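Here is a short briefing to read alongside the sequence and the 3D view. Please keep both open as you go through the points.

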Amino acid sequence: MKKIDREETNWGVAPLSIKKKIPLIFCLLVFLILLTNNAFHYFRSKNQLLDYNEKVVTMIVKEVSFQVKNTKNSSLYVEDILGRDLRTASLAIKQALPARYQDITNEQLVALAKETGVSHITLLAKTSDDIVGVKSSDPHEIGMGTKGWGYWYDAYQQLFSLEPVSVGKGITLPYYWSGPIEVASSNPDHIDKWGYYFDGSTNYIINPYFRDKITEYEKRFGPSKIIQDFTKEEGILELTVFNPKNFGKKDEVVHLNGNKYIRISAQPIWYGTYAFRNYTTDARLIKKAIQTKQMESYRDTINDKMIMKTFVPVYSKNDQPFVIGLVYNYGLIHAELVHELKVHILLSIMIMIIVLIISFLFSRSITRPIGYIVEQVNEIAQGNFGKNLELRRKDELGLLTKNVNAMSNRLRSYVEDLNQSRELIEYQAYHDPLTGLLNRRYFQEKLLLFVEQADKAGEKVSVLFIDMDRFKQVNDSLGHNKGDEILKVVSQRIKDCFPDDVNTIITRQGGDEFIILLKNSTFTETIEAAEGLVNHLKKPYSLNDKEIYLSASCGISLYPDHTQNIDTLIIYSDLAMYAAKKAGGNKVTVYSDKLNQSNINRPRIEARLRNAIENEKIEVFYQPKINVKSGAILGAEALVRWTDEEFGFVSPEVFIPIAEDTGLIQPLWEHVMKLACQQVSKWNSKRSHPLSISVNFSARQFQEPSSMVQHVKEILSKSKLLPEYLEIEITESILLNNSAEIVSSLETLQQIGISVSIDDFGTGYSSLSYLKDLPINTLKIDKSFIQNIDKDYGNSEIPEAIINLARSLHLNVIAEGVEEEFQKEFLLSRNCVQMQGYLFSKPLSKEEFEQYLLKK
Ligand code: C2E
Ligand code: MG
Ligand code: MG
C-alpha cells in the first residue's frame, strides 16, 4: 500500500488558522461597533452640550435684557423725578438769590447748592450772541458758551422768551425745562441731569444739576451687577450689551467747550466689558442678528482661549434695539468632550481585550479538538488505522470524532482483509498452481536480487536448466492429466534433491521446464548435484500400476564465469540444455562458447527481434560500391544491423532466416527500405552525381508481388527517390521458383526504372539458358568465389565464367567480398570494374558513410 506523504497531505498548520481567524474577526467586529458607537456618542454629546449652552445663553440673555430694559425704564423714571426735583430746587434758589447775577457770587452758589441738595448751580445769561454760564458753583461752567449745543440752545432761547420749551426732549413745565441726561460738555468725566428755570424775574436762567446721580443709580440697580454675577459663573467669560447702531462704526465724538466726548446715546457699548475683541466679526454678526432677529454665534480663539460668542438681539417697543453678546468658554465643552472620548476609548479597549480573551478561548475550544482530530486523521493518512479518539463532546465535533473512529476501524479491517488477500494473491502470483513450486514470474522478478546478493557475498551462482526428454509423447499418449501428475512427481523429486532452501531456488518455467538456481556451490558440487538429479529423474514413474520411463536433460551455466548478463546466463543454460538434448538426452551439459555459435535459442531471438523492430532499434549500414577503374562511388548496399541489449551484435546471417521463418521479414524489409531510400535521397539532394542504393529482398517479399510493387512505389515517392537510383538484390533461389507472377512483378519494377541484381550469384543452381529471359540487370558474384581466388589467380574459373556470362547476356557484373588487392587486380584484368568489399570499405553507419563520401 502506498504511504501518503506529509507533503502530499499537507496537514501542517494553515498560515491563517481558525484559531487566529475567530478572535480576529470578533475583534474587528467589536472594534467596528465600538467605533461607530463612540463616534455617535461623541457627536451626540457635542450636540447636547451645545444645546445646553444655547439654553444657558438664552436664559442669561433673557435675564440681562430684562435688566437692561428695566434699568432703562427706571432710569427714565428716576430722571423724571430728578428733573422735577431740580425744578423745586430752582424755585428755592430763585427765592434765595438777587434778580441780577452781577450781584451774586460763585461762593454764594456753592453754599446754596449744598442747601438745596443739588450737585451744582450755574446761572446762564444772555450775551450779545450767546447764552453763557456767568456764575457757577462749578468752576468748569463759568464762561461756558452754549451756542453750539443744538436743541439745548434752542430750549434756552425759548425759556428767555418765556415760551414753553418745545424741543421734544426732556421735561417741559411752566418756565422750566429739564434736558435729558447727558455727558457734561464742560467736564466729560461726568454724566449730569440739568434743570433750567426762568420766569422773567431774573436776568439769568437758574440751572441747578445733579452730577452722576443716574450713574450711581445704574451702578446700584442697573444690569452691571447681574452681568458681574453671571460672569462669575463657570464658562461665561464676558457679557456685553452692544449698541448696534454705533458698534463697529467710527465713534461719534462731540467737540464742545474745549472738550471731546461721546454722547450717551452714541456709545457703542452700553453695559458690560468688551475684553474678547474681534471687531470685524462681532460687528458683522451684531448687524446680522439685528437684521435677522436671530441669535448668531461663532467659535474662535481669542486671548488664548477657545471661546464661543453668541449675539442675541433684543427689541423693545419704544426704545432702540440692542444686542447682548455672550462669550462662552468653549474650552470647557471641548475639554468635556475630550474627557468623555477618553473614557469611552478606555472602555472600548477594555471591552476589546475582554472580547479578545473570550474569543480566543472560544476559538481554542473549537480548534483544540479539531487539532486533535487532525492529528488522528493524519495518523490514518500515514496508514496507522484503528486508533480511536477520546473526545467527549456533544456537538458536531463529537459527531466528527465518532465518524473518524468508525472510519479508522473500518479502514483497519479493510486493510487487514486486503493484506490477507494480498498474501494470497502474492502466493498465487509467484507460485505454480500445479506443483506449488515458484513460478516463472517469481524467477524473473527475484533472479536479479538473488544474483546481486550472491555477487555481494562473493558467491557464485549456478543455473540448472532442466527439460524432460520427450515429454510431449507422454502428454500425447497418456493425456494431459497424467502428464500433470508426472510433473508433480518430477517437482517432488527435484525438491528431494535440493533440500537446502536458503541457497536454492527451484522454479517451474512452464510445461516440463524447470530452472534451479544454486548459490555458493562449486563447479564440481553443481555437476554432482545435476547428475544426481538427472539420475533421480530417470527412475521409473509408476502410474496406474504402470511403470513409465522418462529422462531429463540438464544444461548448466555459471555466474559470473560464463557471463555477467543475467538474461544471457539463462540463455546459456538453455543452450546447454539443448545441447544435452541433441546429444540424446538424459545428460548434463555445461555451457561453452562453442554452443553459442551453433545453437542460438530461436524463440528468444524472435521475441527480441520483434521488439527491436517495433521499437525501431534496427539500423541500416551502407557498404560502398565502387567503379574501381574510374574510382567513382556508384552507390551503396543497404545492410541491416541489429545490436541487442542481451545478445549483443547479432549477425543478419543469424536473424534474417529467423525473420523469414516468422514473417518478421516483412516489417524488417519495410523498415530497411524506408531508412535506406530516405537516406540516399537526402544524400543525393546535395550531390551532383547521385548515388544508387541496393536493398536486399527476401523470397518472402515476393509472396504477394503486386502489393510489394505498390509498396516500393509508395516508399520511393515518399522518400522522393527516383527509381533509377534503386536496385533490388534477390537470390537465385527466388528465381528458381520462377512463377509468372514474380517475373512480371520484376518486370514492372524494371519498367519504372528500378534495376534488379542477382545476389550471391553462382551459389544457386540457375539454369543458364533460362537466365537470358529473366528481367535482370546485374549479376553479383558471390563473395565465396572471390575469396577462393589464389594469389596466382588459381580458383578463378567460376568468377571468370560469371563475368563472361554477364557480358554475353549484356548484363552488368559486380564482385562482392573483395578483400585483397590481388582479387581486385584479377577482377580488373577480367574487366569487372564494379566491386564491393572490405578492401574499399566495411559497411558503414550513415555518419561514417558521410565521412567516407567527404574523404573521397
Ligand atoms: P549479402 O547480401 O551477400 O551481403 C554481403 C555480405 O557480405 C554482408 O554481410 C557484408 O557485410 C559482407 N561483406 C561485404 N564485404 C565483405 C568482405 O570483403 N569480406 C567478407 N567476408 N564479407 C563481406 P552481412 O551484412 O552480414 O549480411 C549477410 C547477409 O544477410 C547478406 O548477404 C544478405 O543476404 C542478408 N541481409 C543483409 N541485410 C539484409 C536485408 O536488409 N534484407 C535481407 N532480406 N537480407 C539482408
Ligand atoms: Mg546483398
Ligand atoms: Mg552476397
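Let's begin with a pair of side chains: those of Asp469 and Ser551 make a polar contact at 2.6 Å. Please bear in mind that this is a predicted model. From that pair, the briefing moves to the ligand site and then to a surface patch.

**Around Asp469 and Ser551**

- Asp469 has a further partner, since its side chain also reaches the backbone nitrogen of Asn586, at 2.7 Å.
- You will find Asp469 in the loop that runs between strand S16 (461-468) and helix H11 (471-478).
- Is Asp469 buried or exposed? Its relative accessibility is 3%, and because the cut-off for buried is under 20%, Asp469 counts as buried.
- Ser551 sits in another connection, the loop between strand S20 (546-548) and strand S21 (552-559).
- Ser551 is buried too, with a relative accessible area of 9%.

**The ligand 1 site**

- Which residues come closest to ligand 1? They are Ser698, Asp759, Asp760, Glu819 and Tyr838, out of 23 residues that surround the ligand.
- Two side chains offer polar atoms to oxygen atoms of ligand 1: Lys783 at 3.1 Å and Glu816 at 3.3 Å.
- Gln787 places a polar side-chain atom 3.3 Å from a nitrogen atom of ligand 1.
- Taken alone, ligand 1 would expose 780 Å², and the protein buries 88% of that area.
- Four elements each give two or more residues to the shell: strand S24 (632-644), helix H17 (652-662), strand S28 (755-761) and helix H23 (783-788).
- Strand S24 gives the most to this shell, with 4 residues.
- How do the shell residues divide by class? There are 8 nonpolar, 6 polar and 9 charged residues around ligand 1.

**A nonpolar patch on the surface**

- Leu341, Ile345, Ile349, Ile353, Ile357, Phe360 and Leu361 together make a nonpolar surface patch of about 600 Å².
- Leu341, one of the patch residues, belongs to helix H8 (residues 330-381).
- Why does Leu341 count as partly exposed? Its relative accessibility is 31%, and partly exposed covers the range between under 20% for buried and over 50% for exposed.
- Leu341 can also join a patch because the requirement there is over 30% relative accessible area, and Leu341 has 31%.

Notes
Residues numbered from 1 in each chain as written. Chains lettered and ligands numbered in written order. Predicted model: local features only at pLDDT ≥ 70, side-chain atom pairs only at ≥ 80, totals over all residues. Heavy atoms only, no water. Near = heavy atom within 4 Å. Polar contact = N/O pair within 3.5 Å; in protein donor to acceptor, adjacent residues only side chain to side chain. Areas by Shrake-Rupley, 256 points an atom, 1.4 Å probe, with all protein chains shown as cover. Nonpolar A, V, L, I, M, F, W, Y, C, P; charged D, E, K, R; others polar. Patch = residues over 30% accessible without salt bridge, like charges linked within 9 Å, V, L, I, M, F, W, Y side chains within 5 Å. Salt bridge = Lys/Arg side-chain N within 4 Å of Asp/Glu carboxyl O. Buried < 20%, exposed > 50% of the residue type's maximum accessible area, 1.4 Å probe, protein only.
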